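Please open the structure in your viewer and keep the selection box at hand. The tour moves from stop to stop, with a selection to make at each one.

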Amino acid sequence: MNLIELVTNVFGSPINEKVDSFIHDTINNQNVEIQQIIQLIENHISGTLKTDENVKISEQDDRLGRLGPKLVRLDTTNHYGLFIVSPDRLSVNSQSNFSTVRANTGVFKGKWLYEVQLGSNGVMQIGWGTADCKFSQESGVGDMVNSYAYDGNRIRKWNVSTHKYGEAWLSGDIIGCAIDFDNENITFFRNGKNLGIAFEKISMGPGIVYFPTVSLTFTENLTANFGTTPLRYPVAGYQSLQLAPTEQLQKSKILFQWLEKLLHQYKNVDSDNESNKEERMMSNRALLACLARCILKELGPLVEIPYVAQEIFVPFFKKLSNSDPNTTQMHTCLDLMWSFFEIHEMKACLESSVVYLSSVFRQVSVNIEYPEQRTALAALNSLCQHEKTRQFLLQFVLFDKVKFASFLHVKPLEESCLMNVVNKVWWETNPTDSIVESAKIPYFKACEKIKDWVTEVEVLQVKLLTLLLNNKDGCATTPTSRTIFLRKFRRFVQVNILSGRPISTNQIPLPIALCCFQRLLVTFKLLWDAEVGTSPVFVPVKTFCDGSINYTGIDRLGGVLSHLTKTFRNDLQQLLGAENENATETDNSHLTTNLFRGGTRVEDSPVISVFARMININSLNSGGSTILERIGYFPYNREDRTPLQLGPIDSAVSLYELLDGLIMFYHVSAKKQIAQVSTLREAMGDFIVAMCATKSRLEIIQKTKDEESQQIESQLMKTIEIFDEKLSELSRHMAWVRAAIYSDENQERLAWLLKIVISTLQSASQSGNLFSFVPEFYLEALGDIVTGLKNHIHPTAPLENIPHFKLLLQDVAQFLCDHFLDSRIVNANSKDTMILALAGFASNPLTLEALENVPFESRSRMVANLLRSYENRAWAQSNWILVRFWQGHGFAFRYDKSPHMANKIGPKILTQETTSQTMKPCPSVVFQEHVRHVLLSNNQSATLFLNSLLNQLNWAFSEFIGMLQEIHNVSSRPQRVLIESRQLKVCATCFDLAVSLIRVLEMIASKAVEIFADPSLPTSDNLLARLCQLICQILNRTSTQTSSFQHVVLLEIPDLQSVDHFPIVTSVIGIVVALLKDDMALPLSDNIPRVTRALISEPSFQIASLYFALGDSTNGKIQNMKKFSLLNYESYVSKEEIASVQRVIQHLDHYRTKLPLAETPCSDDDLCTICYAYPVSAMFKPCNHTSCQSCIDRHLLNSRDCFFCKATIKQVVSIDDNRVLHEFSSGSSIESMDSES
């Protein structure tokens, strides 16, 4: 191909004659003046572009009916409330109750249109307002005269008053706001759909100019387009507020046409047979490069304009990608652009293009095939296939100018589209509803259809991530894409950790976070299999110690990193080598490197109203972060600026870093969305129950034919219709959840990640002291993943579907047993995490089975740790685990919610994953036997545990009663008094704690009654007496009809809903029945059994308290008395349990008559001044103070100081015979009394 053909093919015939004439004059010369040809072509380009100039450049926009500057932006000098505005002043994020901002340009005549893309879907009012509107943080656009607005969140229009209008909007929607002065109306559009005329006969006249105005509630955000870029949905006859750059568009079209032809020539030059190319001074490829330079020199300043980039370049590039499967032309085009564009031109072009693709991708799809989303992803993939472009986008655009994670999100379909796809709805019914069941097969086919098309999008997203994690595109002077991505991703995760900031702009929504996590996990697995391939996968403990990953601000299991480094320096040196800086430095300065180097440029900083005058955005705290970072803005040049490693990096090490970030990301964000989605299923369950109850009631009503019944029947039919409509809607959304979130594939991947986490923790545990260096989020992620699998994804995707799930759960269970109260775990949050995870395992049949299959030694060690003394430790969590081992076997303890609350109607409270929340009964005989074995095998430890248990019960119930009395006193006053909600919640918590402690005592009394009943045990008398005293006092306080307990229960205070007779009375009676079981098995006689004697001898014992439990109260004449009887709870208290209570009462009634009357002391001086129930019988040495033996025995369990003078007791002797009861050596402890008794 000769020179003339090349030039003609690119520029066409007009230039052919000029070049042909010039070449004809010089063709016989060996030295062809190529530069003169190039100059000739440049002149041709300039002339062509000049002759096509139809619009003169103007500094002002003088269109009729418009008032304002040429460039339309949000006016930051005229606003109400606090907000953050992007550097281009087109995006706004509200940081006040109700922030309002208007544009800097107004209109008063003609037809005008602007668009906003919603970044969130909350309460926002979008519309038009005049300059005279005085907005405030309570009143925004639409709330005042001469202002008009539309709110798709509440589906209403606003102009002082409000009326229903439009349809619900979603994040990513494009809302068009059109004002027509010719017809005096305002219309709104959603994604191009006309929502109808919203306002007619709008105010017009002299001095009335309407400005685009938006009002947003806290954290809501949007991006406005006044014409800076092409309107996504232009409306015929309406103008944008900012004039399109017509001249530049015309020039760009011509230049891109030439560029397209030139790129086509590149396909042919390599295949040409250049037989005489040695005679040429320049090859065809080199000549084409010169021609490209002529074109791109003119094109560079044009593509820097966002409008041109989106209107011309993006379609051109899409066409290029689609027509060239091998990407040869695309790569050539980008190579030429990087070669001949100025850096700022290339940067602006790519930024505008990616912003546009992000905007397209974020919209909700109205087609199940996701055509626009797939097209946008394909275009971005094409860009990222080019090495230099990919690295530039990673470094400056994807994480900094757009929210990269948004490209990894797959939004649910538009409601109308979802209805078309899922045209048959199904849900579980009990009893089975044949009509609903008939739709099951087509319903699940629709789910599969959704999954297939979602998978198509996911494949493109994973392909994009694979490109961005390329580890082969680095060299001695440049880092790889993977190196850049890992640095950016780490920063991205760290920003999302800071969830407590008052001003948050970089927090990504939870649905996006979950999708991002899922795609990254798939990508990691693909890369690991391709590059490393070893199994099992786990993060080696060396990664946590060698400083290769930045863990700034993240705690370790063993506590503070600096302390760990000093304490375990020898272990570090053995692992890393004596010369490694991480093993030798004591100040860990390398681990807390100042991540924020360099200044912040003004053009990359946000405009922050109110604060803007106070903030010097170029200032930098020495060694710290700027004010902008503290309020939530992190521009790219404020991130970790330490030098990136050049060239390819170790595959395994880099993937460890990615995996570590993934585990942290799941713990920080993704787990929340998995939990949130489960509330949809729970809502369906509530509606299904309500539907069944309504249908049952309808069947009963239909049997009667009176007029009232017919009215009720009509209302019930309407209710069923409403329920059916709501269930249909929820069922369609649940189809999306089944296909895209709770799918079998996603469940299996999450289980695979759980295996990685548990393998990592097990491996680290085997490293001895270095286990302390593990970041705390690994342990938290372990609990999070297990909770997600068993509580949220299950039963939509049954846990049994996971391959070898029982072995996986058993590995987790064994780790929890082996490391419960592990001395290497010092971090308080990590200790709580272990408790929560263990409690979660104990409350689910599948996980409890795994816990029971753990080796005997591990189970015993875990139970022994649970049964340690409650003194000086957080005991409530351990106690709840013991309760769960027993729940389902205790007296009337087979409920998940106390019967008195089961039928109450009120707002449903969203419970968090805590140890104290209600769970379905899941008792464990295995662990009950472990409790028995541990308590009976070590009397000294058992005594300490039970003593602390009784102490905590005494404290909890005393605090509860004290607060009840305060509430009683306050409520009895004639004037209206408000009780602080916090006080009520503390009161309810103390009640719940007391009930749980009593239930644990019930389990011990049932499974290890020998501790109280065996006279051969030295402390049994003491423990039995204390137990009897406590349960008698609790029964008396709760059964007396004139007590504060009775009064407060009758008040039915919302925050005290859990406080009632049933839970506490049944738990105490359970102890009584268990204690007297052996005694009642004996034939009645005149000899009072030991336990029975202890109970009826207790001074506070009242048989009336037991009669109260069966509804036999002696105070029946008292008004406003709540009748209580176990007989009223037939569904919760079995006949056998009622019979056992009756036998207990008969048994105690019989032996009460056999109890001899106690001899009354002759004077008060002989009574114990501690209890005033028994005569003094013991003296303390050396202070010689006295008390009864019972009081001193109990006191010595907790202290060796005298009751009265606080002197240290060295000896306790009997007053009657001077026998030594207790003796303590100077070095002995309280526990030594067991051997002395």
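What follows is a walk through a predicted model, with what to select at each stop and what is found there.

**Loops with positive phi**

Begin by selecting N146, which sits in the loop between strand 8 (124–130) and strand 9 (147–151). Its phi is near 65°, a positive value in a residue other than glycine. Most residues other than glycine have a negative phi. Is N146 buried or exposed? With a relative accessible area of 19%, N146 counts as buried, because the cut-off for that word is under 20%.

Go next to T219, in the loop between strand 15 (210–217) and strand 16 (221–225). T219 is not a glycine either, and its phi is positive at about 75°. At 35% relative accessibility, however, T219 is partly exposed.

**Two cis peptide bonds**

Select N430 and P431, which are joined by a cis peptide bond with omega at about 5°. P431 belongs to the loop between helix 11 (415–421) and helix 12 (434–437). Most peptide bonds are trans.

Then move along the chain to K1181 and P1182, where the peptide bond is again cis, with omega near 10°. Here P1182 lies in the loop between strand 19 (1178–1181) and strand 20.

**The sheet and the annotated span**

While you are in this part of the chain, display strands 19, 20, 21 and 22, which form an open sheet of 4 strands in the order 20-19-21-22, with antiparallel pairing. The edges of this sheet are strand 20 (1186–1187) and strand 22 (1220–1223), each of which pairs on one side only. Between strand 21 (residues 1211–1214) and strand 22, which run antiparallel, there are 3 bridges. Which residue of strand 22 is the bridge partner of V1213? Select V1220 to see that partner.

Now select residues 1168–1206, which an unreviewed UniProt entry annotates as "domain: RING-type". The C-alpha atoms at the two ends of this span lie 17 Å apart, and the span is 21% helix and 15% strand.

**Helix 21 and a buried glutamine**

Select Q673 in helix 21 (residues 651–701). This residue is buried, with a relative accessible area of 10%. Once its neighbours within four places in sequence are set aside, Q673 is in contact with L510, P511 and L514, so that selecting these residues together with Q673 shows the contacts around it.

**Helix 26 and its surroundings**

Select residues 828–841, the 14 residues of helix 26, and compare its length with what a helix should give: at 1.5 Å a residue the expected span is 20 Å, and the end C-alpha atoms are indeed 20 Å apart. At its N-terminal end, helix 26 is capped by N827, which has a side-chain oxygen 2.9 Å from the backbone nitrogen of N829.

Several residues of helix 26 are buried, among them S830, M834, L838 and F841. To see what the buried residues pack against, add helix 24 (776–793), helix 25 (805–819), helix 27 (845–852), helix 28 (856–866) and helix 29 (876–886) to the view.

**Aromatic pairs**

A search of the whole structure finds 53 aromatic pairs. One of them is formed by Y551 and F777, a tilted pair at 6.4 Å centre to centre, with 45° between the planes. Since Y551 lies in the loop between helix 16 (542–545) and helix 17 (561–567) and F777 lies in helix 24, the pair ties together parts that are 226 residues apart in sequence. Y551 is buried at 7% relative accessible area, and F777 is buried at 3% relative accessibility.

Select F960 and F1045 next, whose ring centres are 6.0 Å apart with their planes at 75°, so this pair is edge-to-face. F960 is in helix 32 (residues 939–971) and F1045 in helix 36 (residues 1044–1051), and the pair links these distant parts of the chain, 85 residues apart. F960 is buried at 0% relative accessibility, and F1045 is buried at 1%.

For the last stop, select F893, Y895, F1062, F1108, F1124, Y1129 and Y1132 together, which ring pairs link into a cluster.

Terms used: Residues are numbered from 1 along each chain as its sequence is written. This is a predicted model: local features need pLDDT of at least 70, side-chain atom pairs count only at pLDDT 80 or more; totals for chains, interfaces and linings use all residues. Side-chain values use heavy atoms; hydrogens and water are left out. The expected span of a helix is 1.5 Å times one less than its number of residues. Buried means under 20% relative accessible area, exposed over 50%, partly exposed in between (1.4 Å probe, protein chains only). Contact means heavy atoms within 4.5 Å. A polar contact is a pair of N or O atoms within 3.5 Å; within protein, one must be able to donate a hydrogen and the other to accept it, and residues adjacent in sequence count only if both atoms are side-chain atoms. UniProt positions are given in the numbering used here, feature names are shortened, and annotations may be inferred rather than shown by experiment. Two strands pair if DSSP finds at least two bridges between them. Rings of Phe, Tyr and Trp (its six-membered ring) pair if their centres lie within 6.5 Å; planes under 30 degrees apart count as stacked, over 60 as edge-to-face and the rest as tilted.
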